[in-house]
Amino acid sequence: RTETGDTNSLNYQWQYIFGRRDDASYLSVPRVTSDAEIIWGPSPTAHPIMGEIMLEHALQRSTDPSNEMVIIIGHGPMTPKENEMDLAIMAQHAKAIQTGGGFKDVKRWNVQDDLPPDQRAANVVKVRGWIKEAQDQGMDVIVVTNVLTQSGVMGRLKKDVAGTGAKFNDTGLMQNPRFSDWINAAVEENLF
């Protein structure tokens, strides 16, 4: 699995494809049948290594952590309940980033990319508001994501904060060499 969250439509789609869910989340496709044992492990999202990678991405854009706010933004699930669960995971990463990097503040939010455009736009307005507030207080702002690759949603997230003056790290989590550490940990935690 390559999606970032356990509570998003792509994860539900994979569960449908592998017979772990009765309904497709967005597209009915042929389902996989196999006599092989399929082990369904957690997505990378909650693993502490992902927070360490996001910290590294923030530090790559940082010049003075004690005067910088870091904002973690993500795709996010559609329902309020699932979004709260995802934001709770992001809160753990935010804490690790603040502690590990010495940043003045760290916030997190999901744009909920699959919501209707007006609802998604409201989430973007919230993030842009945080950026302006921080800048009005004299802070620089660094935006990192919990997105795995540079394609798809990464471009939309970058566009969401364009023109704000925030420093945006568009490196996907999978592009970081530490991602292989997560793969090794996931195998060990789920097979052994």
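A residue counts as buried when its relative accessible area is under 20%. By that criterion Trp130, with a relative accessible area of 14%, is buried. The model in which this residue is found is a predicted one, and the account below moves from its sheet to a helix and then to its aromatic pairs.

The sheet is open and is formed by 4 strands in the order E2-E1-E3-E4, with parallel pairing. Strand E2 (105-110) and strand E4 (167-168) stand at the edges; each has a single partner strand, so one side of each is left without a neighbour in the sheet. In general, the strands of a sheet pair through backbone hydrogen bonds, in either a parallel or an antiparallel manner. Here, strand E1 (residues 68-74) runs parallel to E2 and is joined to E2 by 6 bridges. One of the residues involved is Met69, whose bridge partner in E2 is Asp105. Helix H2 (residues 48-61) packs on this sheet, where H2 touches E1, strand E3 (140-145) and E4. The direction of H2 makes about 145 degrees with that of E3.

Helix H6 (residues 179-191) can be checked against an expected length. At 1.5 Å a residue, its 13 residues should span 18 Å, and its end C-alpha atoms are 18 Å apart, which agrees. Within H6, Phe179, Trp182, Ala185 and Ala186 are buried. These residues cover an arc of only 110 degrees around the axis, and therefore lie on the same side of H6. The cover over the buried residues of H6 includes H2, the helix that also packs on the sheet.

How many aromatic pairs does a search of the whole structure find? The search finds 2. In one, the rings of Trp109 and Trp130 have their centres 5.9 Å apart and their planes at 80 degrees; because planes over 60 degrees apart count as edge-to-face, the pair is assigned to that class. This pair links distant parts of the chain, with Trp109 in strand E2 and Trp130 in helix H4 (residues 117-136), 21 residues apart. Trp109 is buried, its relative accessible area being 17%, and Trp130 is likewise buried at 14%.

The rings of Phe179 and Trp182 also form a pair, with centres 5.3 Å apart and planes at 45 degrees, so this pair is tilted. Phe179 and Trp182 are 3 residues apart in helix H6, which means that about one helical turn separates them. Phe179 counts as buried at 7% relative accessibility, and Trp182 is buried with a relative accessible area of 10%.

How values were computed:
Residues are numbered from 1 along each chain as its sequence is written. This is a predicted model: local features need pLDDT of at least 70, side-chain atom pairs count only at pLDDT 80 or more; totals for chains, interfaces and linings use all residues. Side-chain values use heavy atoms; hydrogens and water are left out. Two strands pair if DSSP finds at least two bridges between them. Helices (H or I, at least four residues) and strands (E, at least two) are DSSP runs, numbered from the N terminus. Contact means heavy atoms within 4.5 Å. Axes are lines fitted to C-alpha atoms, for helices over the stretch in contact, and angles run from 0 to 180 degrees between N-to-C directions. The expected span of a helix is 1.5 Å times one less than its number of residues. Buried means under 20% relative accessible area, exposed over 50%, partly exposed in between (1.4 Å probe, protein chains only). The arc is that of the directions from the helix axis to the C-beta atoms. Rings of Phe, Tyr and Trp (its six-membered ring) pair if their centres lie within 6.5 Å; planes under 30 degrees apart count as stacked, over 60 as edge-to-face and the rest as tilted.
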